[in-house]
Amino acid sequence: MEQTELRPGTRAAVRPVTGRQRAARAARNGGEPTLEFAERVPYDAYVQASTLHRLQQPLSDDPGEMSFLMVSQIMELYFGLTCHELRDAARLLRGDRVWEALAPLRRAALHLEGLNAAWRGLRWMTPADFNRFRNLLGEGSGFQSAMYRHLEFQLGLRDPALIRPFRRQTEVHAELTAALDTPSVWDEVLALLARHGHELPADLLERDVAVEHEPHPAVEAAWVRIYADSGPDNHLRMLGEALTEVAEQFGDWRHHHIKAVQRTMGAKVGSGGSAGLAWLQRSMARVVFPELWSARTAM
């Protein structure tokens, strides 16, 4: 594969390589991998690995800080990846393409599973370990993650007050404001159910999407009816199960977050000024896709 010279932060200008060309190159190399390239190594040009590995800048000499920093960055990447999948799912649902929407939703659930696994990289950390560099973080806190807010907004958890910390980061603030004003995945699901003949009240369908959805008995009843049909062609039932997996994996992430805070901080005040553990516990009461869960009682 021929590769042009890249500046840091730019994407690769790649000439596509066919299977026949790969086979010919392998034959010329006697089955050995290519070791000489005219410019930058193609893998690095595509993945930007050298850029990624320059992004860790610890604030202390404590060896454990690198683990904390890199796991935090890995989680940020997973937040962004999951948002990418949920935006695609919302687009497909808006176009009544339910079957096609299942794939990005299932990928989103798997990405959240990977996100949950990232917590294991911090299970070694005790309060004493964290205290060796915590003060250097100043007021920095995971609460301030813009991409996590995007993820919450995509899932229908919406609180306009939570974008206030980004007012001086005008581009980030504008993106969050736009996300807040865009229907969530759950909003698109409700509109889809109405188009498929389920009677949902107009005030529910026409509400301000920047305001968090309140559970409604008509939505719960719709899911009870959908799940009553267990036939292989019931794509709405499959949609319900894909959404449930996303919600469950996201709930697991919040639970793991609470356990990690308990392990490393106990009930101390959070770095960002919140009540720490107590604030996280209260946030768990906000359920993702609530009627999918409550409907199960009536099934």
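A polar contact is a pair of N or O atoms within 3.5 Å, and that idea comes up in two of the close-ups below. Keep in mind throughout that this is a predicted model.

**Figure 1. The whole chain, before we zoom in.** What is the chain built from, helices or strands? There are 14 helices and zero strands, so reading from the N terminus you simply meet one α element after another, as the DSSP runs define them. The C-alpha trace spans about 65 × 55 × 35 Å along its principal axes. Of the 299 residues, 39% are buried.

**Figure 2. D129, R132 and D62 come together.** Start with D129, which sits in helix α6 (residues 127–131). With a relative accessible area of 14%, D129 is buried. Its side chain makes a polar contact of 2.5 Å with the side chain of R132. Now look at the other partner: the side chains of R132 and D62 meet in a salt bridge (2.8 Å, N to O). R132 lies in the loop between α6 and α7 and D62 in the loop between α3 and α4, so this pair ties together parts that are 70 residues apart in sequence. The two ends differ in cover: R132 is partly exposed at 49% relative accessibility, while D62 is buried at 16%.

**Figure 3. A salt bridge between R207 and D187.** The structure holds 12 salt bridges, and here is another one to look at. The side chains of R207 and D187 meet at 2.6 Å, N to O. Distant parts of the chain are linked by this pair: R207 is in the loop between α10 (202–205) and α11 (217–228), and D187 is in helix α9 (residues 185–195), 20 residues apart. Are these two buried or exposed? Both R207 and D187 are buried. Elsewhere, salt bridges that share partners join D62, D129 and R132, the trio from the previous view, into one network.

**Figure 4. The cavity.** How many cavities of 30 Å³ or more does the structure hold? There is one, with about 30 Å³ of space in it. The salt-bridge partners R207 and D187 turn up again here, among the lining residues. Others in the lining include G156, R158, W186 and H213.

**Figure 5. A nonpolar patch on the surface.** F37, V41, Y43, Y46, V47, L52, L55 and L77 make a nonpolar surface patch of about 790 Å². Which helix gives the largest share? That is α2, with three residues. V41 belongs to the loop between α1 (19–28) and α2, and at 45% relative accessibility V41 counts as partly exposed.

**Figure 6. Two loop residues with positive phi.** Q48 and D96 make a handy pair to view side by side. Phi of Q48 is near 60 degrees, a positive value in a residue other than glycine. D96 also has a positive phi near 60 degrees. Q48 is in the loop between α2 (42–47) and α3 (49–52), and D96 is in the loop between α4 (63–94) and α5 (98–118). At 10% relative accessibility Q48 counts as buried, whereas D96, at 39%, is partly exposed.

**Figure 7. R149 and E152.** R149 is found in helix α7 (residues 146–155). Why does R149 count as buried? Its relative accessibility is 2%, and the cut-off for buried is under 20%. A polar contact of 2.6 Å joins the side chains of R149 and E152.

Conventions:
Residues numbered from 1 in each chain as written. Predicted model: local features only at pLDDT ≥ 70, side-chain atom pairs only at ≥ 80, totals over all residues. Heavy atoms only, no water. Helix = DSSP H or I, 4+ residues; strand = E, 2+ residues; numbered from the N terminus. Buried < 20%, exposed > 50% of the residue type's maximum accessible area, 1.4 Å probe, protein only. Patch = residues over 30% accessible without salt bridge, like charges linked within 9 Å, V, L, I, M, F, W, Y side chains within 5 Å. Areas by Shrake-Rupley, 256 points an atom, 1.4 Å probe, with all protein chains shown as cover. Salt bridge = Lys/Arg side-chain N within 4 Å of Asp/Glu carboxyl O. Polar contact = N/O pair within 3.5 Å; in protein donor to acceptor, adjacent residues only side chain to side chain. 1 Å grid on protein atoms, 1.4 Å probe; cavity = no way out; pocket = protein on both sides within 12 Å on 5 of 7 lines; lining within 4 Å. Points joined across faces, edges and corners; volume = space filled by probe spheres on them.
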